Amino acid sequence: MLLRTARLRQSFLRTRTFATSSVSCRNKAIVYRKHGNPSEVLSVLSFPDLPPPPPNTANVRFRLSPLNPADINVVEGVYPAKPSPFDLLSRDAPVYVGGNEGLAEVVQVGDGVKELRKGDWVVMTKPQIGTWTSARNVGVQDVLKIPSDLEEAQAATLTVCDVHKVNPPTAYNMLHDFVHLEKGDWVVQNGANSAVGQAVIQIAAANGWNTLNFVRDREDIGSLTGYLKDLGATQVATYDQLVDKGFKDQVKTWTGGQSIRLGLNCIGGRATTMMVRLLGQDAHLVSYGAMSREPLSVPTSLFIFKNLTCHGFWQSQWYSRKSMQERERLMENLVGLMRHGKVRSHGLRQRRELKLCTISSVAQNTKY
Ligand SMILES: NC(=O)c1ccc[n+]([C@@H]2O[C@H](COP(=O)([O-])OP(=O)(O)OC[C@H]3O[C@@H](n4cnc5c(N)ncnc54)[C@H](OP(=O)(O)O)[C@@H]3O)[C@@H](O)[C@H]2O)c1
């Protein structure tokens, strides 16, 4: 989900005025003072215009800020990455601004800034900078200028920082770093309608790789299947189908008996155990999410007889281990895919009820 920060601000302003300050405050941020249930600890804080940027910094205005599952975990205090307090708001006690990714526009640069100009689009290169805000001051080294001819939603999810979130880079790296895939090869994944899963589908399709995609069953499974196939999914199936005895034969028919060498795991639990059985000789299973909150159990026989290798993947770690040149190359590859319409912004659509609940609770928690 993407927060259009200006619109959020306007909707609050349209209905009520904030009584906490007599100064008319142009800016709003979604903040928390302590970790906890997001629907209880998040609120909106207004703050006045930023002072002029100090040397080697820039004032930016956020255009779009994604809201991702891991952002919720950061607010809860259960995620390894920790935020730093927002200095401007932390007068008495620390105040943290939520959000890790975001697309911002430079509005003013400080002395000595040569890399950026007013109007440039930037994404954050510093993790947990706090992007659910309409404005903030950033160090020049904490942002990366990106082309402003991308769609906003694409640009907003391109963050090149440590980021736990950044779905297209996560998908891109998992598809490239573990198995050398040839045209026509197959990749199997679960959580296929997640933002990462949708990016996997599109990047794989752009490379001529087939995807077998698992999702939870639902009433409108036909429309979800159609949506994922429209993105480039080769086959879509539900976790329920995995328990059918004949399903393995069905998969063989789809793949023409070709061995599947890469599996991507977003959810863990029993459905993943079943999915792993579809992998062939010398395959790699890459786990990057645990949405079911259930542990992952993999039959020992697969390690012994099929030489299965299991990995964990964390985009944050990828960034911390890679040079700026490698990060920029990743960015160029993704921007290239987006420019050619291979990774579409609507493919990054998310519709999590939890997130919607969280946003409406933020409004409730706010003291007007
Ligand atoms: N390791 C990394 O570097 C990295 C990077 C990015 C994301 N992630 C992780 O990847 C996961 C997905 O992130 P996202 O932003 O792509 O999420 P998202 O778009 O919000 O999608 C969440 C997905 O999880 C599924 N899901 C939720 N609860 C489930 C359950 N109990 N059982 C089975 N499936 C369930 C949803 O399926 P339904 O539609 O059926 O609800 C949906 O497909 C998260 O855990 C996130 O933290 C990790």
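Which residues does A171 touch, not counting residues up to four places away in sequence? In this predicted model, they are V196, A199, V200 and I203. The legends below begin with the whole protein and then turn to close-up views.

**Figure 1. Overview of the predicted model, with 14 helices and 15 strands.** Of the 368 residues of the protein, 43% count as buried. Among contacts between residues at least 6 apart in sequence, 71% join residues at least 24 apart. The average pLDDT of the protein is 84, and 83% of the residues score at least 70. Over residues 346–360, pLDDT is below 50, and this stretch has 20 contacts in the model beyond near neighbours in sequence. Residues 5–23 also have pLDDT under 50 throughout, and the model gives them 19 contacts beyond four places in sequence.

**Figure 2. The shell of 26 residues around the ligand.** S194, A195, R216, G289 and Q315 come nearest to the ligand. By residue class, the shell comprises 12 nonpolar, 11 polar and 3 charged residues. Helix 3 (69–76), helix 5 (167–177) and helix 6 (195–207) each contribute at least two residues to it. The ligand lies between domain 1 (2–161 + 348–365) and domain 2 (167–313), because both domains give residues to the shell.

**Figure 3. Helix 6 and the elements packed against it.** The end C-alpha atoms of helix 6 are 19 Å apart, which agrees with the 18 Å that its 13 residues should span at 1.5 Å a residue. Helix 6 is mostly covered, with 10 of its 13 residues buried. These buried residues are A195, V196, G197, Q198, A199, V200, I201, Q202, I203 and A204. They pack against two neighbouring helices in the view, helix 5 and helix 7, as well as against helix 13 (324–339). Their strand partners are strand 10 (186–189), strand 11 (210–215) and strand 13 (262–265). After helix 6 comes G208, which has a positive phi near 80 degrees.

**Figure 4. A171 of helix 5 and its contacts.** A171 counts as buried because it has 27 C-beta neighbours inside 10 Å, where 20 or more suffice. Beyond residues up to four places away in sequence, A171 touches V196, A199, V200 and I203, each of which is listed among the buried residues of helix 6. An α-helix has 3.6 residues a turn, so residues three or four places apart point the same way. The C-alpha atoms of A171 and Y288 are 9.7 Å apart in space, although the two residues are 117 apart in sequence.

**Figure 5. L231 in helix 7 (residues 221–231).** L231 is buried, with 23 other C-beta atoms within 10 Å. A separation of 8.2 Å lies between the C-alpha atoms of L231 and A205, residues that are 26 apart along the chain.

**Figure 6. The loop between strand 7 (121–124) and strand 8 (135–139), with P127 and Q128.** P127 is buried, with 22 other C-beta atoms within 10 Å. From P127 to P83 the C-alpha distance is 7.9 Å, while 44 residues separate them in sequence. Q128 also counts as buried, having 23 C-beta neighbours inside 10 Å. Phi of Q128 is positive, near 55 degrees, in a residue other than glycine.

**Figure 7. E101 in the loop between strand 5 (96–97) and strand 6 (103–109).** With 27 C-beta neighbours inside 10 Å, E101 counts as buried. E101 and M124 are 6.6 Å apart, C-alpha to C-alpha, and 23 residues apart in sequence.

**Figure 8. D282 in the loop between helix 10 (269–276) and strand 14 (284–287).** Is D282 buried or exposed? D282 counts as exposed because it has 12 C-beta neighbours inside 10 Å, and the cut-off for exposure is 12 or fewer. The backbone of D282 has a positive phi of about 60 degrees, although the residue is not a glycine.

Note on methods
Residues are numbered from 1 along each chain as its sequence is written. This is a predicted model: local features need pLDDT of at least 70, side-chain atom pairs count only at pLDDT 80 or more; totals for chains, interfaces and linings use all residues. A residue is near a molecule or strand if its C-beta atom, placed from the backbone, lies within 6 Å of it. Helices (H or I, at least four residues) and strands (E, at least two) are DSSP runs, numbered from the N terminus. Ala, Val, Leu, Ile, Met, Phe, Trp, Tyr, Cys and Pro count as nonpolar, Asp, Glu, Lys and Arg as charged, and the others, Gly among them, as polar. Domain bounds come from an automatic or database domain assignment. pLDDT is the predictor's confidence in each residue, from 0 to 100. Two residues are in contact if their C-beta atoms, placed from the backbone, lie within 7 Å. The expected span of a helix is 1.5 Å times one less than its number of residues.
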